[in-house]
Amino acid sequence: MGKAERIQGVRGMNDVLPTDEVYWDRFEEAVATVMRGYGYRRIRTPIVEPTALFVRGIGEVTDIVEKEMYSFTDALNGDELTLRPESTAGVVRAVIEHNLLYDGPKRLWYQGPMFRHERPQKGRYRQFNQVGVEALGMTGPDADVEVILLGNRLWDELGLGGIRLEINSLGQADERNAHRAALIAYFEEHREQLDGDAQRRLHANPLRILDTKNPAMQALVEAAPRLGDFLGPESLAHFTEVQRLLAANKVEFRINPRLVRGLDYYNLTVFEWVNEDGLTLCGGGRYDPLIAMLGGNPAPACGFALGVERVLEQLRRNAPDLGATGCDVYVIHAGGAVGEVAFQTAERLRDAGLEVILHCGGGSFKSQFRRADASGARFAVIAGEDELARGEVSVKWLRGSPIGEGAARQETVALAALADWIVDAMVASDGADI
Ligand code: HAM
(Lines give C-alpha, C1' and ligand atoms only; values in the text may rest on other atoms or scores of the structure.)
Protein backbone atom coordinates (compact mmCIF):
# COMPACT_ATOMS: atom_id res chain seq x y z
CA MET A 1 0.00 0.00 0.00
CA GLY A 2 1.35 3.44 -0.87
CA LYS A 3 1.77 6.22 1.65
CA ALA A 4 -1.46 8.14 2.27
CA GLU A 5 -1.53 11.69 0.97
CA ARG A 6 -0.58 14.22 3.62
CA ILE A 7 -3.09 16.78 4.80
CA GLN A 8 -1.46 20.18 5.26
CA GLY A 9 -2.53 22.84 7.74
CA VAL A 10 -4.47 25.82 6.41
CA ARG A 11 -2.23 28.45 4.78
CA GLY A 12 -1.47 31.33 7.11
CA MET A 13 -2.61 29.39 10.18
CA ASN A 14 0.36 28.20 12.21
CA ASP A 15 1.13 25.49 14.69
CA VAL A 16 2.94 26.66 17.81
CA LEU A 17 5.55 23.98 18.40
CA PRO A 18 6.94 23.03 21.82
CA THR A 19 10.28 24.69 21.01
CA ASP A 20 8.43 28.04 20.88
CA GLU A 21 6.79 27.42 24.20
CA VAL A 22 9.56 29.04 26.22
CA TYR A 23 8.79 32.36 24.47
CA TRP A 24 5.04 31.97 24.90
CA ASP A 25 5.47 31.13 28.60
CA ARG A 26 7.68 34.11 29.20
CA PHE A 27 5.23 36.33 27.31
CA GLU A 28 2.10 35.07 29.06
CA GLU A 29 3.70 35.40 32.49
CA ALA A 30 4.63 39.00 31.73
CA VAL A 31 1.10 39.74 30.48
CA ALA A 32 -0.50 38.26 33.60
CA THR A 33 1.85 40.22 35.89
CA VAL A 34 1.30 43.53 34.13
CA MET A 35 -2.49 43.14 33.89
CA ARG A 36 -2.67 42.42 37.61
CA GLY A 37 -0.43 45.41 38.27
CA TYR A 38 -2.93 47.74 36.60
CA GLY A 39 -6.14 46.15 37.90
CA TYR A 40 -7.27 44.75 34.54
CA ARG A 41 -9.48 41.65 34.64
CA ARG A 42 -9.65 39.02 31.94
CA ILE A 43 -12.70 38.56 29.73
CA ARG A 44 -13.17 35.66 27.32
CA THR A 45 -15.60 36.13 24.47
CA PRO A 46 -16.49 33.65 21.70
CA ILE A 47 -14.39 33.29 18.57
CA VAL A 48 -17.54 33.45 16.44
CA GLU A 49 -19.82 36.50 16.48
CA PRO A 50 -22.71 37.73 14.32
CA THR A 51 -21.29 39.21 11.09
CA ALA A 52 -23.33 42.39 11.66
CA LEU A 53 -21.26 43.12 14.80
CA PHE A 54 -18.08 43.63 12.78
CA VAL A 55 -19.75 45.32 9.81
CA ARG A 56 -21.28 47.91 12.13
CA GLY A 57 -18.43 48.05 14.65
CA ILE A 58 -15.31 48.03 12.47
CA GLY A 59 -16.95 49.80 9.51
CA GLU A 60 -18.23 48.68 6.14
CA VAL A 61 -15.51 50.38 4.07
CA THR A 62 -12.47 49.00 5.88
CA ASP A 63 -10.00 46.42 4.54
CA ILE A 64 -10.98 44.06 7.32
CA VAL A 65 -14.70 44.05 6.58
CA GLU A 66 -14.40 44.46 2.80
CA LYS A 67 -12.04 41.60 2.13
CA GLU A 68 -10.53 39.89 5.16
CA MET A 69 -13.36 38.35 7.14
CA TYR A 70 -14.04 34.65 7.41
CA SER A 71 -17.81 34.97 7.15
CA PHE A 72 -20.22 32.12 6.60
CA THR A 73 -23.84 31.16 6.87
CA ASP A 74 -24.53 28.61 9.59
CA ALA A 75 -25.97 25.76 7.50
CA LEU A 76 -28.08 24.59 10.41
CA ASN A 77 -30.03 27.76 11.10
CA GLY A 78 -29.08 30.33 8.48
CA ASP A 79 -27.30 32.70 10.93
CA GLU A 80 -24.70 35.01 9.38
CA LEU A 81 -21.53 34.47 11.40
CA THR A 82 -17.88 35.57 11.28
CA LEU A 83 -14.65 34.33 12.89
CA ARG A 84 -13.60 37.38 14.88
CA PRO A 85 -10.98 39.51 13.08
CA GLU A 86 -10.39 41.47 16.31
CA SER A 87 -11.86 41.54 19.80
CA THR A 88 -12.88 45.09 20.63
CA ALA A 89 -16.30 44.73 18.99
CA GLY A 90 -16.92 41.41 20.78
CA VAL A 91 -15.84 42.78 24.16
CA VAL A 92 -18.10 45.80 23.72
CA ARG A 93 -20.98 43.51 22.73
CA ALA A 94 -20.42 41.47 25.90
CA VAL A 95 -20.13 44.61 28.04
CA ILE A 96 -23.49 45.82 26.71
CA GLU A 97 -25.13 42.40 26.92
CA HIS A 98 -24.13 41.89 30.56
CA ASN A 99 -24.50 45.55 31.51
CA LEU A 100 -20.97 45.52 32.91
CA LEU A 101 -20.75 49.30 33.15
CA TYR A 102 -23.71 49.54 35.56
CA ASP A 103 -21.45 50.14 38.56
CA GLY A 104 -18.75 52.23 36.97
CA PRO A 105 -15.79 51.92 34.62
CA LYS A 106 -14.25 48.57 33.76
CA ARG A 107 -10.68 47.61 32.94
CA LEU A 108 -10.63 44.44 30.86
CA TRP A 109 -8.08 42.37 28.98
CA TYR A 110 -8.23 39.40 26.66
CA GLN A 111 -6.04 37.01 24.74
CA GLY A 112 -6.89 34.70 21.91
CA PRO A 113 -6.84 33.89 18.21
CA MET A 114 -8.16 36.31 15.57
CA PHE A 115 -8.80 35.57 11.91
CA ARG A 116 -8.15 37.75 8.87
CA HIS A 117 -7.94 36.52 5.31
CA GLU A 118 -4.82 38.49 4.43
CA ARG A 119 -1.96 37.46 2.15
CA PRO A 120 0.29 35.48 4.49
CA GLN A 121 3.87 36.74 4.93
CA LYS A 122 6.25 37.16 7.85
CA GLY A 123 4.30 38.81 10.67
CA ARG A 124 1.00 38.56 8.79
CA TYR A 125 -1.09 35.47 9.29
CA ARG A 126 -4.65 34.34 8.75
CA GLN A 127 -4.94 33.06 12.28
CA PHE A 128 -2.93 35.13 14.71
CA ASN A 129 -3.14 35.91 18.40
CA GLN A 130 -3.82 39.17 20.11
CA VAL A 131 -3.58 40.38 23.65
CA GLY A 132 -5.70 43.46 24.17
CA VAL A 133 -6.89 45.80 26.87
CA GLU A 134 -10.10 47.81 26.93
CA ALA A 135 -10.63 50.60 29.48
CA LEU A 136 -14.36 51.30 29.38
CA GLY A 137 -16.29 54.19 30.87
CA MET A 138 -13.46 56.71 31.27
CA THR A 139 -13.41 59.96 29.31
CA GLY A 140 -10.17 61.66 30.17
CA PRO A 141 -6.73 61.64 28.60
CA ASP A 142 -5.52 59.94 31.79
CA ALA A 143 -7.19 56.70 30.64
CA ASP A 144 -5.41 56.94 27.27
CA VAL A 145 -2.12 57.41 29.05
CA GLU A 146 -2.82 54.55 31.45
CA VAL A 147 -3.18 52.03 28.65
CA ILE A 148 -0.03 53.37 26.99
CA LEU A 149 1.89 53.06 30.28
CA LEU A 150 0.57 49.53 30.64
CA GLY A 151 1.87 48.69 27.16
CA ASN A 152 5.24 50.22 27.94
CA ARG A 153 5.52 48.26 31.16
CA LEU A 154 4.83 45.07 29.26
CA TRP A 155 7.72 45.82 26.86
CA ASP A 156 9.94 46.52 29.88
CA GLU A 157 8.85 43.36 31.64
CA LEU A 158 9.73 41.40 28.49
CA GLY A 159 12.97 43.30 27.96
CA LEU A 160 11.74 44.19 24.49
CA GLY A 161 13.79 46.79 22.65
CA GLY A 162 13.84 48.38 19.22
CA ILE A 163 10.28 49.70 19.19
CA ARG A 164 8.97 53.24 19.20
CA LEU A 165 5.65 54.76 20.16
CA GLU A 166 3.79 56.94 17.65
CA ILE A 167 0.69 58.91 18.55
CA ASN A 168 -1.84 61.07 16.75
CA SER A 169 -5.27 62.55 17.31
CA LEU A 170 -8.17 61.75 15.00
CA GLY A 171 -10.37 64.40 16.62
CA GLN A 172 -14.15 64.07 16.57
CA ALA A 173 -16.52 63.11 13.74
CA ASP A 174 -17.37 66.69 12.72
CA GLU A 175 -13.69 67.61 12.57
CA ARG A 176 -12.92 64.54 10.52
CA ASN A 177 -15.85 65.38 8.22
CA ALA A 178 -14.45 68.85 7.56
CA HIS A 179 -11.03 67.31 6.92
CA ARG A 180 -12.60 64.65 4.75
CA ALA A 181 -14.36 67.23 2.58
CA ALA A 182 -11.05 69.07 2.15
CA LEU A 183 -9.30 65.79 1.30
CA ILE A 184 -11.89 64.82 -1.30
CA ALA A 185 -11.62 68.25 -2.91
CA TYR A 186 -7.81 67.97 -2.92
CA PHE A 187 -7.71 64.44 -4.35
CA GLU A 188 -10.36 65.34 -6.93
CA GLU A 189 -8.12 68.15 -8.11
CA HIS A 190 -5.38 65.53 -8.60
CA ARG A 191 -7.55 62.66 -9.79
CA GLU A 192 -5.13 61.69 -12.57
CA GLN A 193 -2.50 60.76 -9.96
CA LEU A 194 -4.76 58.37 -8.02
CA ASP A 195 -4.43 54.60 -8.47
CA GLY A 196 -7.46 52.31 -8.80
CA ASP A 197 -7.79 51.65 -5.08
CA ALA A 198 -7.62 55.35 -4.28
CA GLN A 199 -10.18 56.26 -6.93
CA ARG A 200 -12.57 53.73 -5.51
CA ARG A 201 -12.04 55.02 -1.96
CA LEU A 202 -12.14 58.68 -2.92
CA HIS A 203 -15.68 59.25 -1.74
CA ALA A 204 -16.23 56.25 0.54
CA ASN A 205 -13.07 56.50 2.69
CA PRO A 206 -10.56 59.12 1.51
CA LEU A 207 -8.65 58.87 4.78
CA ARG A 208 -7.47 55.41 3.83
CA ILE A 209 -5.83 56.88 0.72
CA LEU A 210 -3.34 58.52 3.11
CA ASP A 211 -2.30 55.04 4.15
CA THR A 212 -1.35 54.01 0.60
CA LYS A 213 1.84 52.02 0.11
CA ASN A 214 1.99 53.06 -3.58
CA PRO A 215 5.29 54.95 -4.04
CA ALA A 216 3.87 56.89 -6.99
CA MET A 217 1.34 58.52 -4.67
CA GLN A 218 3.63 59.44 -1.76
CA ALA A 219 4.27 63.05 -2.83
CA LEU A 220 0.57 63.64 -3.42
CA VAL A 221 -0.32 62.20 -0.02
CA GLU A 222 2.46 64.15 1.69
CA ALA A 223 1.02 67.46 0.51
CA ALA A 224 -2.62 66.59 1.33
CA PRO A 225 -4.56 68.62 3.94
CA ARG A 226 -3.74 67.48 7.49
CA LEU A 227 -6.37 66.52 10.02
CA GLY A 228 -4.42 68.32 12.75
CA ASP A 229 -5.34 71.62 11.11
CA PHE A 230 -9.04 70.82 11.49
CA LEU A 231 -9.08 69.94 15.20
CA GLY A 232 -11.14 72.21 17.48
CA PRO A 233 -10.02 73.46 20.92
CA GLU A 234 -11.43 70.51 22.89
CA SER A 235 -9.75 67.86 20.77
CA LEU A 236 -6.52 69.81 20.84
CA ALA A 237 -6.70 70.13 24.62
CA HIS A 238 -7.23 66.37 24.98
CA PHE A 239 -4.25 65.65 22.74
CA THR A 240 -2.05 68.18 24.52
CA GLU A 241 -2.88 66.64 27.89
CA VAL A 242 -2.06 63.15 26.61
CA GLN A 243 1.34 64.44 25.50
CA ARG A 244 1.93 66.25 28.79
CA LEU A 245 1.08 63.16 30.85
CA LEU A 246 3.26 60.94 28.68
CA ALA A 247 6.19 63.31 29.09
CA ALA A 248 5.54 63.57 32.85
CA ASN A 249 5.76 59.75 32.98
CA LYS A 250 8.96 59.80 30.93
CA VAL A 251 7.37 57.94 28.02
CA GLU A 252 9.10 58.65 24.75
CA PHE A 253 6.82 59.16 21.76
CA ARG A 254 6.71 60.68 18.32
CA ILE A 255 3.71 62.50 16.90
CA ASN A 256 2.88 61.00 13.53
CA PRO A 257 0.26 63.21 11.89
CA ARG A 258 -0.29 60.52 9.24
CA LEU A 259 -1.14 57.81 11.72
CA VAL A 260 -4.61 56.53 10.86
CA ARG A 261 -5.98 53.21 12.00
CA GLY A 262 -7.59 50.52 9.88
CA LEU A 263 -10.80 50.40 11.91
CA ASP A 264 -13.52 53.07 11.86
CA TYR A 265 -14.44 53.27 15.54
CA TYR A 266 -11.61 55.53 16.71
CA ASN A 267 -11.74 59.16 17.81
CA LEU A 268 -9.22 61.47 19.52
CA THR A 269 -6.04 59.64 20.58
CA VAL A 270 -4.65 56.84 18.43
CA PHE A 271 -1.25 55.20 18.87
CA GLU A 272 0.97 52.41 17.64
CA TRP A 273 4.22 50.78 18.68
CA VAL A 274 6.32 50.12 15.59
CA ASN A 275 9.59 48.18 15.26
CA GLU A 276 12.76 49.00 13.26
CA ASP A 277 11.23 47.50 10.11
CA GLY A 278 8.10 49.62 10.35
CA LEU A 279 6.00 46.65 11.45
CA THR A 280 3.26 47.55 13.94
CA LEU A 281 3.44 45.35 17.02
CA CYS A 282 0.59 46.99 18.86
CA GLY A 283 -2.08 49.54 18.02
CA GLY A 284 -5.05 51.18 19.61
CA GLY A 285 -6.69 54.36 20.74
CA ARG A 286 -9.87 55.93 22.02
CA TYR A 287 -13.15 54.71 20.58
CA ASP A 288 -15.86 56.73 22.33
CA PRO A 289 -18.57 56.22 19.66
CA LEU A 290 -18.48 52.40 19.57
CA ILE A 291 -20.56 51.46 22.61
CA ALA A 292 -23.48 53.62 21.43
CA MET A 293 -23.01 52.41 17.83
CA LEU A 294 -23.54 48.85 19.05
CA GLY A 295 -26.71 49.74 20.93
CA GLY A 296 -25.37 50.44 24.43
CA ASN A 297 -25.80 53.56 26.55
CA PRO A 298 -23.19 56.00 25.30
CA ALA A 299 -19.94 55.54 27.23
CA PRO A 300 -16.35 56.40 26.37
CA ALA A 301 -13.60 53.80 25.99
CA CYS A 302 -10.05 53.23 24.86
CA GLY A 303 -7.68 50.31 24.47
CA PHE A 304 -5.15 48.52 22.33
CA ALA A 305 -4.29 45.13 20.94
CA LEU A 306 -0.88 43.65 20.27
CA GLY A 307 -0.03 40.93 17.81
CA VAL A 308 1.44 38.11 19.90
CA GLU A 309 3.40 36.53 17.01
CA ARG A 310 4.93 39.91 16.16
CA VAL A 311 5.90 40.58 19.77
CA LEU A 312 7.39 37.10 20.11
CA GLU A 313 9.40 37.61 16.93
CA GLN A 314 10.76 40.84 18.39
CA LEU A 315 11.53 39.02 21.62
CA ARG A 316 13.44 36.41 19.63
CA ARG A 317 15.51 39.19 18.04
CA ASN A 318 16.29 40.63 21.47
CA ALA A 319 16.87 37.30 23.19
CA PRO A 320 17.65 34.73 20.51
CA ASP A 321 18.37 32.04 23.07
CA LEU A 322 16.07 31.97 26.01
CA GLY A 323 17.43 28.49 26.52
CA ALA A 324 15.55 25.29 25.95
CA THR A 325 13.70 24.27 29.04
CA GLY A 326 14.41 20.68 29.90
CA CYS A 327 12.97 18.64 32.73
CA ASP A 328 14.83 18.04 35.98
CA VAL A 329 15.24 14.28 35.86
CA TYR A 330 15.19 11.56 33.20
CA VAL A 331 14.78 8.09 34.66
CA ILE A 332 16.63 5.31 32.85
CA HIS A 333 15.92 1.72 33.85
CA ALA A 334 16.49 -1.93 32.98
CA GLY A 335 12.80 -2.75 32.44
CA GLY A 336 10.92 -5.74 33.85
CA ALA A 337 10.67 -5.72 37.63
CA VAL A 338 13.14 -2.84 37.77
CA GLY A 339 10.80 -0.87 35.49
CA GLU A 340 8.11 -1.09 38.15
CA VAL A 341 10.41 0.38 40.77
CA ALA A 342 11.41 3.05 38.23
CA PHE A 343 7.73 4.01 37.84
CA GLN A 344 7.37 4.43 41.59
CA THR A 345 10.66 6.30 41.84
CA ALA A 346 9.49 8.78 39.20
CA GLU A 347 6.23 9.31 41.12
CA ARG A 348 8.10 9.99 44.40
CA LEU A 349 10.33 12.53 42.62
CA ARG A 350 7.22 14.25 41.22
CA ASP A 351 5.78 14.29 44.76
CA ALA A 352 8.84 16.38 45.66
CA GLY A 353 7.93 18.89 42.93
CA LEU A 354 10.48 17.74 40.38
CA GLU A 355 9.77 17.55 36.65
CA VAL A 356 10.45 14.00 35.61
CA ILE A 357 10.46 12.01 32.38
CA LEU A 358 10.38 8.25 32.81
CA HIS A 359 11.89 6.39 29.89
CA CYS A 360 9.28 4.33 28.04
CA GLY A 361 9.69 1.78 25.32
CA GLY A 362 12.76 -0.10 26.54
CA GLY A 363 16.09 -0.13 24.71
CA SER A 364 19.73 -0.34 25.75
CA PHE A 365 21.15 1.94 28.46
CA LYS A 366 23.14 3.65 25.72
CA SER A 367 20.08 4.55 23.68
CA GLN A 368 18.22 5.60 26.83
CA PHE A 369 21.14 7.91 27.72
CA ARG A 370 20.84 9.51 24.28
CA ARG A 371 17.16 10.21 24.95
CA ALA A 372 17.99 11.56 28.40
CA ASP A 373 20.51 13.98 26.91
CA ALA A 374 18.12 15.12 24.19
CA SER A 375 15.40 15.77 26.76
CA GLY A 376 17.46 18.60 28.26
CA ALA A 377 17.23 17.02 31.74
CA ARG A 378 19.60 18.16 34.48
CA PHE A 379 20.01 14.65 35.94
CA ALA A 380 19.73 11.10 34.75
CA VAL A 381 18.65 8.61 37.38
CA ILE A 382 19.82 5.12 36.44
CA ALA A 383 18.00 2.18 37.95
CA GLY A 384 19.97 -1.03 37.38
CA GLU A 385 19.20 -4.42 38.81
CA ASP A 386 22.25 -4.82 41.07
CA GLU A 387 22.07 -1.35 42.57
CA LEU A 388 18.37 -1.60 43.20
CA ALA A 389 18.92 -4.84 45.05
CA ARG A 390 21.03 -2.72 47.44
CA GLY A 391 18.30 -0.05 47.60
CA GLU A 392 20.35 2.38 45.53
CA VAL A 393 20.35 4.12 42.17
CA SER A 394 22.98 6.09 40.26
CA VAL A 395 22.53 9.78 39.59
CA LYS A 396 24.44 11.42 36.75
CA TRP A 397 24.69 15.14 36.16
CA LEU A 398 23.81 15.73 32.52
CA ARG A 399 24.05 19.52 32.74
CA GLY A 400 25.42 22.13 35.11
CA SER A 401 27.76 19.74 36.89
CA PRO A 402 29.43 21.53 39.83
CA ILE A 403 32.79 20.09 38.80
CA GLY A 404 32.57 21.62 35.34
CA GLU A 405 30.37 21.34 32.30
CA GLY A 406 30.84 18.06 30.49
CA ALA A 407 32.54 16.47 33.47
CA ALA A 408 31.01 13.05 33.94
CA ARG A 409 30.00 13.15 37.55
CA GLN A 410 28.04 10.22 38.78
CA GLU A 411 27.12 9.22 42.31
CA THR A 412 25.34 6.40 44.03
CA VAL A 413 22.40 7.52 46.14
CA ALA A 414 20.07 5.60 48.44
CA LEU A 415 16.63 5.32 46.88
CA ALA A 416 14.96 6.58 50.05
CA ALA A 417 17.07 9.75 49.99
CA LEU A 418 16.90 10.34 46.23
CA ALA A 419 14.34 13.17 46.06
CA ASP A 420 16.04 15.16 48.83
CA TRP A 421 19.44 14.57 47.27
CA ILE A 422 18.34 15.94 43.88
CA VAL A 423 16.48 18.91 45.35
CA ASP A 424 19.52 19.79 47.49
CA ALA A 425 21.86 19.44 44.51
CA MET A 426 19.70 21.77 42.43
CA VAL A 427 19.42 24.37 45.16
CA ALA A 428 23.15 24.18 45.88
CA SER A 429 24.15 24.61 42.25
CA ASP A 430 21.91 27.54 41.26
CA GLY A 431 19.54 28.33 44.07
CA ALA A 432 16.76 26.88 41.92
CA ASP A 433 13.38 27.37 43.45
CA ILE A 434 11.56 24.08 43.51
P1 HAM B 1 -5.31 46.24 14.76
O2 HAM B 1 -4.34 47.34 14.48
O3 HAM B 1 -6.19 45.81 13.64
O4 HAM B 1 -6.19 46.73 15.97
O5 HAM B 1 -4.55 44.97 15.31
C6 HAM B 1 -3.70 45.05 16.44
C7 HAM B 1 -2.43 44.27 16.22
O8 HAM B 1 -2.71 42.93 15.83
C9 HAM B 1 -1.56 44.78 15.09
O10 HAM B 1 -0.77 45.86 15.50
C11 HAM B 1 -0.71 43.57 14.76
O12 HAM B 1 0.38 43.48 15.65
C13 HAM B 1 -1.66 42.43 15.02
N14 HAM B 1 -2.18 41.92 13.74
C15 HAM B 1 -3.19 42.43 13.01
N16 HAM B 1 -3.39 41.69 11.90
C17 HAM B 1 -2.46 40.69 11.94
C18 HAM B 1 -2.15 39.57 11.08
N19 HAM B 1 -2.84 39.33 9.98
N20 HAM B 1 -1.14 38.75 11.45
C21 HAM B 1 -0.44 38.97 12.59
N22 HAM B 1 -0.70 39.99 13.43
C23 HAM B 1 -1.69 40.84 13.12
C24 HAM B 1 -7.20 46.01 16.53
O25 HAM B 1 -7.41 44.85 16.31
C26 HAM B 1 -8.01 46.78 17.56
N27 HAM B 1 -9.07 45.91 18.08
C28 HAM B 1 -7.11 47.28 18.69
C29 HAM B 1 -7.86 48.02 19.75
C30 HAM B 1 -8.25 47.54 20.94
N31 HAM B 1 -8.26 49.27 19.68
C32 HAM B 1 -8.90 49.58 20.77
N33 HAM B 1 -8.92 48.55 21.55
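**An open sheet, its helices and two cores**

In this predicted model, five strands make up an open sheet of mixed pairing, arranged in the order S13-S12-S14-S15-S16. The edges are taken by S13, residues 356-358, and S16, residues 410-414. Each of these two strands has a single partner, so one side of S13 and one side of S16 have no neighbour in the sheet. From one strand to the next, the twist averages 25°.

The pairing of S13 can be followed in more detail. Its partner is S12, which spans residues 329-333; the two strands run parallel and are joined by three bridges. Val331 has Leu358 in S13 as its bridge partner.

Two helices are placed against these strands. Helix H13, made of residues 336-351, lies across S12, S13 and S14, the last of which covers residues 379-383. The direction of H13 is at about 170° to S13. Helix H14, residues 365-374, also packs on the sheet, where it touches S12, S14 and S15 (392-397). Between the directions of H14 and S12 the angle is about 170°.

The nonpolar cores are the next thing to look at. The largest one has 43 residues, and the members that touch the most others in it are Phe27, Tyr40, Trp155, Trp273, Phe304 and Leu306. Which residues does Phe27 touch, not counting residues up to four places away in sequence? They are Val131, Leu158, Leu306, Val308, Val311 and Leu312. Leu306 thus appears both in this list and among the core members with the most contacts to other members. Another core, of 34 residues, lies apart from the largest one; Leu53, Met114, Phe128 and Tyr265 are among its members.

Notes. Residues are numbered from 1 along each chain as its sequence is written. This is a predicted model: local features need pLDDT of at least 70, side-chain atom pairs count only at pLDDT 80 or more; totals for chains, interfaces and linings use all residues. Side-chain values use heavy atoms; hydrogens and water are left out. A nonpolar core is a set of buried Ala, Val, Leu, Ile, Met, Phe, Trp, Tyr and Cys residues joined through side-chain atoms within 4.5 Å. Buried means under 20% relative accessible area, exposed over 50%, partly exposed in between (1.4 Å probe, protein chains only). Contact means heavy atoms within 4.5 Å. Two strands pair if DSSP finds at least two bridges between them. Helices (H or I, at least four residues) and strands (E, at least two) are DSSP runs, numbered from the N terminus. Axes are lines fitted to C-alpha atoms, for helices over the stretch in contact, and angles run from 0 to 180 degrees between N-to-C directions.
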